[in-house]
Amino acid sequence: MLKIGVIGVGSISNSHIEAYLKNEQVELTAFCDINEDRLKEKGELFGVKKLYKNYEELLKDEGIDAVSICTWNNTHSEIAISALENDKHVLVEKPLSMNVEEALAVEAAVERTGKILQVGFVRRHGDNTRVLKTFIDNNQLGEIYYAKASCMRRLGNPGGWFSDITKSGGGPLIDLGVHMIDTCWYLMGKPNPVSVSGNKYSKLGNRSHIKNLSYYKAADYDAKLNDVEDLANALIRFENGQSLYIDVSFTLHAKSDEVKIQLFGENGGAEIEPELALIAEQHDTILNITPQIDNLGFNFSKAFSNEINHFVECCLEGKETIAPVSDGVQLMRILQAIYESAVKEKEVYL
């Protein structure tokens, strides 16, 4: 039985908590949050009696084996390092940190303590991703030389801590782009990045004046606070000639929201968003192939269950996670370079 503590019980924590509750090898033991009212409410809702306002106190509890870190981005590395040093396994929400220096410090703590740290790259655990990776591993696409990914919201700045750069580290690039980049990079075989050319734009703000359309807003939403980008794009080059183009937005004058991920290989192609599809060529004819699976698109709840179950299995059986700290470090290198390129208005080499 793995005894779990959840640090930060805001909105994303529900996906962790509900998945833990479904796992028969888990005992949900403790919660921590700086918001005392929310902490008490979540404790009562999920029947958790050990409630901490200070994460250090939770980490000193020897009855806890592992933690999920679901806090603001600016606390991820600090809490992860402390958890590792207090003999806890760690599942930390993406991004791993606010910058490369912090990411490397977390990686050093993992090596020093020997504990498991899994980064919350939840899209790796989606059924559509898992199925496609099986085809890729069996050379269905051949060498993947190019990928494109978009996550475009026409109206979707969550506000609150998401739009406070001191807490988030950035806007849609670090919030949505990390998923888009990671999914492609993971499926491309995790090639080593050599350079990025990026842009970011802050033209529209949070558009709180817009009526008749609803969207998710953070609990601490404040229309006056917004110092992150609206839109970012980037071309990422890898050492073996592969390349990836991504664009992401919180808000944009677009007809509709769009999530699309495409991969192009020598033997075939694939789409993973909005739905899984394979493109092949046989007998001088192009084929569009639809795998017969329950979830062709990204099923949020199922992916989190898969992610949590994988983390629990790694902790209990000592298996290697498919989302190790080294991948979190590499993604942070790419993200930081894109922001640097956007500021300097030139290509940045890694």
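Here is a short chat about how the helices and strands are arranged in this predicted model.

Student: In what order do the six strands of the open sheet stand?

Tutor: Good place to start! Strands of a sheet pair through backbone hydrogen bonds, either parallel or antiparallel. Here the pairing is parallel. Going across the open sheet, the order is 3-2-1-4-5-6.

Student: Which strands stand at the edges?

Tutor: Look for strands with a single partner strand, because one side of each is then left without a neighbour in the sheet. From one strand to the next, the twist averages 20 degrees. The edge strands are strand 3 (50-52) and strand 6 (117-120).

Student: What is the bridge partner of Val67 in strand 5?

Tutor: Strand 4 (residues 66-69) and strand 5 (residues 89-93) run parallel, joined by four bridges. In strand 5, the residue bridged to Val67 is Val90.

Student: At about what angle does helix 9 run to strand 5?

Tutor: Helix 9 (residues 300-317) lies across several strands, including strand 1 (2-7) and strand 4. Helix 2 (residues 36-46) lies across strand 2 (26-32) and strand 3. For helix 9 against strand 5, the angle is about 160 degrees.

Student: Is helix 6 roughly parallel or roughly antiparallel to helix 8?

Tutor: The axes of helix 6 (residues 127-137) and helix 8 (residues 172-187) come within 10 Å and cross at roughly 30 degrees. Angles under 35 degrees count as roughly parallel, so helix 6 is to helix 8 roughly parallel.

Student: Which residues of helix 8 make the contact with helix 6?

Tutor: Helix 6 brings Thr129, Leu132, Lys133 and Ile136. The residues of this contact divide into four nonpolar, two polar and one charged. On the helix 8 side, they are Thr183, Tyr186 and Leu187.

Technical notes: Residues are numbered from 1 along each chain as its sequence is written. This is a predicted model: local features need pLDDT of at least 70, side-chain atom pairs count only at pLDDT 80 or more; totals for chains, interfaces and linings use all residues. Side-chain values use heavy atoms; hydrogens and water are left out. Axes are lines fitted to C-alpha atoms, for helices over the stretch in contact, and angles run from 0 to 180 degrees between N-to-C directions. Helices (H or I, at least four residues) and strands (E, at least two) are DSSP runs, numbered from the N terminus. Angles under 35 degrees count as roughly parallel, over 145 as roughly antiparallel, 65 to 115 as roughly perpendicular and the rest as oblique. Contact means heavy atoms within 4.5 Å. Ala, Val, Leu, Ile, Met, Phe, Trp, Tyr, Cys and Pro count as nonpolar, Asp, Glu, Lys and Arg as charged, and the others, Gly among them, as polar. Two strands pair if DSSP finds at least two bridges between them.
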